[in-house]
Amino acid sequence: MSGGFHIVVCGSLVPDPLQTLEPVQGPNGPGLKNEGMLPSVLDPWAGHSLFEAANLAKQVPGSKVWLVSLGPKPKLQQLMMTVAQKVPFELVVVDGNAGGFTESMEVAAALAGAINAIQGLDPSRLLLFGGCASASRDAGATMQILGEMLGIDEMFLGVDELKVQADGGLHVLERIEGGKYLASVCAGPPAMLGWATGNLPEPPNNPQVGMLNMRGIMPALQRAQAVKVGAGTLQFDAVQVPTQRRETRVVKDVPVEEIAQEIVEWLKG
Amino acid sequence: MSQHADTGNAEANLKTLPGDDVRQIMWRFADRFDLQMLVQSAREVARGPVARLVAEGQRNTHEWTEEKNALLAAYDQAGITTAFMEPEQGGFIAGPKNLALALIAFELAWVDGGAATGSLAGNLGLSPIHEKGTDEQKNHYMSLAVPVQPGEERETLRPAFCLTEPLPYVGVDTGVLSGKVKIKEWREGEEPVLHVEKRGRFITNMGFANVVTAAVDSDDPRIKGSCMVILEETDPGVWDRGAPTKKMVHQLSSTSDPVFSLTIPASRIIGGYTVEDGVIVPAFNHSQIIESVFRRTRVTVGLMSSAKLLSAVEPIIRYQRGRFRGGSSGAPGSPRFDLGLQQKEDSIQRLVDVWATGEASASLGFAAARVFDEFDPLEAQKDSILAAAGVEGPRAALRYFKSKQEEAMAFLRLTRQPAGERDEARLEDLRSDVIVQYMLGEAVANVVCPACKLWNTGHGVNVMREAVSLMGGYGITEDCPGFLGQKWMDGQLEATYEGPEAVQRRQLSVTMTHDLFLAQFEGWIAELREIAKTHPQTGACALSNAMELWQWVLNHLLGAKDADGKRLYAGARQGVTFPMADALCWLLAAYYQIQDVLELEVKGAENPALADGLPGFVSFFQDLCHVQSAAAAGEVGRVCTELVFGYTAQPLWSDSCHQCCSGGQATAEGRPCLAEDGLQDYLALRTRMDSCLCGTRMAKDRAAAALAQVMIPEALDYPR
Ligand SMILES: Cc1cc2nc3c(=O)[nH]c(=O)nc-3n(C[C@H](O)[C@H](O)[C@H](O)COP(=O)(O)OP(=O)(O)OC[C@H]3O[C@@H](n4cnc5c(N)ncnc54)[C@H](O)[C@@H]3O)c2cc1C
């Protein structure tokens, strides 16, 4: 691969999973209770793809990583205080709703607009990375639609491994049913990879890396264009969380096998 | 129609626990990305590896185990070790670092005080060099303490600080040193070679340190006085780490009683030396160095206790709320299920006390850190200005400062005059006068540092006990979420090392009587009176009255004598001076707490991410201020009344006394306790303060109600 990859990672924030996530109906449509105030984390699968991207860029000289985020600007700034410490990247911000009540099509359109506007991005060297799904909505459609919009034909979902072959081909492992992998090879970029967990641990924080990234991050936040996605552009008929049930019975002297059997039957419904 | 102050806005409910965006504003690092990142990075270490070690029971060993040792790499990796260094030495934070180190201590102690201590003790070991070392010493040792980078062939320097000695010698109160230094060899024209004998007691980081800064006294007529020296593990002689201390607290730090008998070059005297008439004269004696070290490092210790109190809030709410869930009584949706122990007024009101104390102590601690951040550059400039003015030696410096005192007072007077009506040119002159600003800064720094070390740790540990008790039996088990029992025990060490409470009280009893401090204190009273007009919900009125009462009593005590004719406010009279020092701490903490909430109200409005939550935070935090101001006023009233009346002669019990005390018609003679001249003034002030407590319990009710409905996360975020 001459000149390295141009890796564009799409990822934004989701509420910290330890928080109570309670859907509520707001004046502009559905959302989470106190959503604006909940601490956020980088969307986990997108996060894995960012770390994979940084690792790949380190190994293939001349490569560069952009992180394209559609989210509320002030919250993205807060999130950068951790994410920017992990790996080097250049941030591109689209200021808008990052909640679960958005539609993949409009999110993909906003991201495509931002990616097309990146100066110096070479589409022939483009690896479009992102999570195979977002922890906030889990539809798993945004990256595919975005790939389409950017005219990318090679698409992989649920990726755990990407290896660059000696001939420049990309060897990709995708998760499929039953804990197995589908191995594919494509000739090279452009390609879209929607990552599962990948194989890398989360890089530790390093404020020194962070301070270097911040030089570009603050201007990127200031430059961010606002877009309207989600509430206001969509209509929701109904919203509900899957119900959780707790059934407790206190019993004595029941053999373990019997308890196990009962659980199996309960699971089968 | 009577008018009421703002009694809280029902719409402005506390919705969630305060997050980073709130704290960044309150503690004034919203525009410091380096510090925000450092916080995240220290937090990751605290809630990850540190919390896991606590959960795995590593606190149950005294030894410095491999698992504990792995924390050093985690600190290095996260930038915690390098946060102390200058960029040119390999660090990444430019300028003063007191707030940075305070934030690290806060984050680590949120999980474990010992981890905070271990990380900070490395800085403490370097501090004598950092504060008073020669440029060469600074650059050499600070750079080597930067963690080894890939490709570098060296060992990372791990420092320890060795002052305390086996009994009966020196504790932190810089008394008699048994550690000795003498000249081993001094060849004509060459650097003298020294021999150092030093035994340490309770030395932190000694399980792995490879360099030690040690306080020693001269045992040789050719060395003048005491000094501090740098010892290295590779120096010829004995480097015995000693047995681990069997401490019951802070077990994630290493502590032992080392023995050193080493030969070192004289260039290891910290700050260097001159030779006068064949005698080595160290540039600084050990007391001078230690004073400049501790005045900074004690602030971070104070903040450790603050972090623990604030960290207790979430686990306690979760415990109380869920206390009865899953049992046969109280179906989902019933108050018993939803609120658990939070149905009980006492449970939530005591938690309000814990939270209010945590807020006040954090505000005091971070304010102290900021004072030093502002003060550090002034101090550096002061030295060169004095040198340029030919002022040499401590006495000449004192005379020089005395000659500038009136200008410093004039500056304070001008700042209090209305803009436009005052001499602006003179004000600007004095504002840019480094010495004037240095003197004003020093007067405050010399008070807030011991105040935060004393009150945050000493009073903090008492309140931490309350926090533990709110978790019932769970609180005193190793499994208690948030490790509250361990944090309570640990607090006792925070109150002890780097100078037990008595040492802080002694320092305060001197520095709080300084004219430049008292003049600034008076300014704060005036400021609070203004705040009370616009923000009565903060309790600023009660606080300002309590401050005035304290001020009155201090003045009174400075001139008064007891019933035996002995002076009341005197060095040896710790029964008088120490309680006044304690009382002042309550006032300062509540004062800075109000300042932080006002900052949040103003700056929070500029942050769109806070739009939803801001009114709730401001309203709730004001209620906590009110609670804390009332507690401070109560404490100050108790101390002051006891000191004012307690040293007067008790009259013989007579009919007139009986009449007075039993509420009968009192004559002038029937009030023996008021017979002293001027004490009626005290009573007037006291009555005014008491009556200003109106509304404080309503504030507490509101704050408690907020705790019963605030949303908390589903689970604690550590251990991760
Ligand atoms: C775990 C741990 C780690 C430590 N780490 C270090 C370290 O790294 N380096 C180091 O040099 N030291 C260290 N120390 C020592 C620590 O600083 C001292 O223990 C502490 O300063 C108290 O000194 P002391 O134990 O001699 O108490 P003492 O001085 O004996 O004081 C005991 C009590 O006597 C009273 N008292 C003392 N002086 C006065 C006074 N002037 N007026 C009124 N009352 C007074 C007070 O009630 C005080 O609490 C550590 C200690 C511990 C326990």
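Buried means under 20% relative accessible area, exposed means over 50%, and partly exposed lies in between, with a 1.4 Å probe and protein chains only. This is a predicted model, where local features need pLDDT of at least 70, side-chain atom pairs count only at pLDDT 80 or more, and totals for chains, interfaces and linings use all residues. Residues are numbered from 1 along each chain as its sequence is written, chains are lettered from A and ligands numbered from 1 in the order in which they are written, and side-chain values use heavy atoms, with hydrogens and water left out.

**Exercise 1. Find the salt bridge of K97(B), and state whether K97(B) is buried or exposed.**

Step 1. Take the rule: a salt bridge is a side-chain nitrogen of Lys or Arg within 4 Å of a carboxyl oxygen of Asp or Glu. Over all chains, this rule gives 55 salt bridges.

Step 2. Find the partner. The side chain of K97(B) pairs with that of E86(B), at 2.9 Å from N to O.

Step 3. Place the pair. Helices (H or I, at least four residues) and strands (E, at least two) are DSSP runs, numbered from the N terminus. K97(B) and E86(B) both lie in the loop between α3 (66–77) and α4 (98–109) of chain B, so the bridge ties together parts 11 residues apart in sequence.

Step 4. Check the cover. K97(B) has a relative accessible area of 6%, so it is buried.

**Exercise 2. Describe the salt bridge between D582(B) and R505(B).**

Step 1. The two side chains meet at 3.0 Å, N to O.

Step 2. D582(B) sits in helix α17 (residues 574–604) of chain B, and R505(B) in helix α14 of chain B. The pair links distant parts of the chain, 77 residues apart.

Step 3. D582(B) is partly exposed because its relative accessibility is 23%. R505(B) is buried, because its relative accessible area is 19%.

**Exercise 3. Which residues share a salt-bridge network with R720(B)?**

Step 1. Start with one bridge. R720(B) and D717(B) meet through their side chains at 3.2 Å, N to O.

Step 2. Compare their cover. R720(B), at 39% relative accessibility, is partly exposed. D717(B), at 18%, is buried.

Step 3. Widen the view. D20(B), R43(B), E44(B), R47(B), E107(B), D717(B) and R720(B) are linked in a network of salt bridges.

**Exercise 4. Describe the surroundings of the ligand.**

Step 1. List the neighbours. A residue is near a molecule if one of its heavy atoms lies within 4 Å of it. There are 22 residues around the ligand, and F161(B), L163(B), T164(B), F202(B) and T204(B) come nearest.

Step 2. Sort them by class. The shell has 10 nonpolar, 7 polar and 5 charged residues. Here Ala, Val, Leu, Ile, Met, Phe, Trp, Tyr, Cys and Pro count as nonpolar, Asp, Glu, Lys and Arg as charged, and the others, Gly among them, as polar.

Step 3. Look for polar contacts, which are pairs of N or O atoms within 3.5 Å; within protein, one must be able to donate a hydrogen and the other to accept it, and residues adjacent in sequence count only if both atoms are side-chain atoms. A polar side-chain atom of T204(B) is 2.7 Å from a ligand nitrogen. A polar backbone atom of L163(B) is 2.8 Å from a ligand oxygen. For G499(B), a polar backbone atom lies 3.5 Å from an oxygen of the ligand.

Step 4. Judge the cover. Alone, the ligand exposes 970 Å², and the protein buries 70% of that. These areas come from the Shrake-Rupley method with a 1.4 Å probe; for residues, only the protein chains shown count as cover.

Step 5. Name the elements. β1 (159–162), β4 (203–204) and α14 (501–511) of chain B each give two or more residues to the shell.

**Exercise 5. Locate unusual backbone geometry in chain B.**

Step 1. Recall the background. Most residues other than glycine have a negative phi, and most peptide bonds are trans.

Step 2. Find cis bonds. One runs from L167(B) to P168(B), with omega near 10 degrees. P168(B) lies in the loop between β1 and β2 (180–185) of chain B. Another joins Y718(B) and P719(B), with omega about -5 degrees. P719(B) lies in the segment after α21 (696–709) of chain B.

Step 3. Find positive phi values. F202(B) has a phi of about 60 degrees, and lies in the loop between β3 (193–199) and β4 of chain B. D277(B) has a phi of about 50 degrees. Its relative accessible area is 81%, so D277(B) is exposed.
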